[in-house]
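The following note is intended for a colleague who meets this structure for the first time. Its points are numbered and may be read beside the model.

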Amino acid sequence: MKHHFSKSLIVIFSIICLLCSSVVSFAKSQAHSLKIKFITDAGPVEGANFKLYQVMSTDGTLYGDFADLQVEVGDLTDSENLSSLASTLASYAAGGTGEPIAEKKSDALGHADFSNLTSGIYLVTGSSGKIGNTIYIPKPALLRITELSDESIDVNVKYTMLSDIQKVSYTVKKVWENDESTARPDSVTVQLLQDSEVYDEVTLSSSNDWTHKWDDLSADHKWNVVEKDIPTGYTVMVALDENIFTVTNHWTTSSETTETTDITTTEPSTTTEPSTTTITPPPTTTITGSKTDKLPQTGQLWYPVCILFISGLLLFLIGFVSKRLSDDNEKE
């Protein structure tokens, strides 16, 4: 009887060790680290402030505070559209939409490290940095992390350059898509953001050809444009090309869908070599701001499930061994 009991305890202990090892390995796979690298031809940029936002679930659906935005998600297989989407979300984030889940400054190597990240699509934004007389402005980027992603992820920052004595000009242009002119409002209001503050607010209409230009802006600041009140029935996309902000309002219908098979988180740049991270969500519907729940934190929620599973299995094995010992006693 003692022999059977000892053998049974060894079996139980081995199973528990195996299960615990699996849980630890599984939990580890849920947490990822991200290293942002802001390195230019002139060297690394130190002191740039990077912010990380959770903006979409892994299937490309806006959620959380960003789900309220009437943002045109568009074709996520198109690199130009993806660049515009990152720019659009970054503009509204700068205007106060959502809170970053983490914020870090780049070190002497130009690195900003983030840890304990779980599944989701993240927006990375950064402040400008200076080397000598040149200002380097990082471009926003989208990054998808899944349970199958590498535990450690590196992303090279794309950027534009300006002289610190240079004055800049920006033009905003309104474009209407997929609608009839009778459905359009008589005017829209757009805001020019200096870093995260409203610098100016203008009205665009047919009287000014739906355009406006700002001159003599300081290159020491980061400039964004947002549409203040998106017209009902439309989504918005803000694209920046050189010094022109194009604000596109797209008329939406419930039947519109966008096929998505792959997202590349890089955008064209003439200043750095491309670094790609691939996003492969299933087909998604164009998002017009319907509220969805926040992305589940899989690295946290599965811990109690696994613990309960192991506890239940342990009780089952103890009961099984006890019954076998009882049967052996009866036979003796």
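**Note on the structure**

1. S91 is a buried residue, since its relative accessible area is 0% and the limit for burial is under 20%. The model in which this value was computed is a predicted one. S91 belongs to helix α2, which covers residues 79-94. When neighbours within four places in sequence are set aside, the contacts of S91 are L193, N224, V225 and V226.

2. Some overall figures may help to place this residue. The protein has 332 residues, of which 44% count as buried. Its secondary structure consists of 3 helices and 23 strands. Among contacts with a separation of 6 or more, 72% join residues that are 24 or more positions apart. The exposed area of the protein is about 17300 Å², and 53% of that area is supplied by carbon and sulfur atoms.

3. Helix α2 deserves a closer description. It is built of 16 residues, and the distance from its first C-alpha to its last is 22 Å, close to the 22 Å expected at 1.5 Å a residue. Because 14 of its 16 residues are buried, α2 is largely enclosed by the rest of the structure.

4. The two ends of α2 may be examined in turn. At the N-terminal end, D78 acts as a cap: one of its side-chain oxygens is 3.2 Å from the backbone nitrogen of E80. Just after the helix comes G96, whose phi is positive, at about 115°.

5. Which residues touch the most other members of the largest nonpolar core? They are V55, L85, L89, L123, L142 and W214, in a core of 47 residues. The element that gives the most to this core is α2, with 8 residues. Another core lies apart from it and has 19 residues, including A48, L52, V124 and V155.

6. Strand β7, residues 120-126, is mostly covered, as 7 of its 7 residues are buried. G120, Y122, V124 and G126 point one way from the strand, while I121, L123 and T125 point the other way; all of these are buried.

7. What are the pairing partners of β7? Strand β4 (residues 49-56) pairs with it in the antiparallel sense over 6 bridges, and here Q54 stands opposite Y122. Strand β10 (residues 141-145) is joined to β7 by 5 bridges and also runs antiparallel to it. In that pairing, V124 of β7 has A141 of β10 as its bridge partner.

8. Strand β13, residues 167-177, takes part in pairings of both senses. With strand β16 (residues 211-218) the pairing is antiparallel and extends over 6 bridges; K167 stands opposite S218 of β16. With strand β19 (residues 244-251) the arrangement is parallel, through 7 bridges, and E177 has H250 of β19 as its bridge partner.

9. D75 is located in the loop between β4 and α2. It counts as partly exposed, because its relative accessibility is 30%, which falls between the limits of under 20% for buried and over 50% for exposed. From D75 to L85 the C-alpha distance is 9.7 Å, and the two are 10 residues apart in sequence. L85 also appears among the core residues named in point 5.

10. The loop between β15 (197-205) and β16 calls for a separate remark. Most residues other than glycine have a negative phi. D209, which lies in this loop, has a positive phi near 60° without being a glycine. W210 is found in the loop between β15 and β16 as well, and its phi is also positive, at about 55°, although it is not a glycine.

11. Are D209 and W210 buried or exposed? D209 is exposed, because its relative accessible area is 62% and exposure begins over 50%. W210, by contrast, counts as buried, because its relative accessibility is 15%, a value under the 20% limit.

Key. Residues are numbered from 1 along each chain as its sequence is written. This is a predicted model: local features need pLDDT of at least 70, side-chain atom pairs count only at pLDDT 80 or more; totals for chains, interfaces and linings use all residues. Side-chain values use heavy atoms; hydrogens and water are left out. Helices (H or I, at least four residues) and strands (E, at least two) are DSSP runs, numbered from the N terminus. Buried means under 20% relative accessible area, exposed over 50%, partly exposed in between (1.4 Å probe, protein chains only). Contact means heavy atoms within 4.5 Å. Accessible areas come from the Shrake-Rupley method with a 1.4 Å probe; for residues, only the protein chains shown count as cover. The expected span of a helix is 1.5 Å times one less than its number of residues. A polar contact is a pair of N or O atoms within 3.5 Å; within protein, one must be able to donate a hydrogen and the other to accept it, and residues adjacent in sequence count only if both atoms are side-chain atoms. A nonpolar core is a set of buried Ala, Val, Leu, Ile, Met, Phe, Trp, Tyr and Cys residues joined through side-chain atoms within 4.5 Å. Two strands pair if DSSP finds at least two bridges between them.
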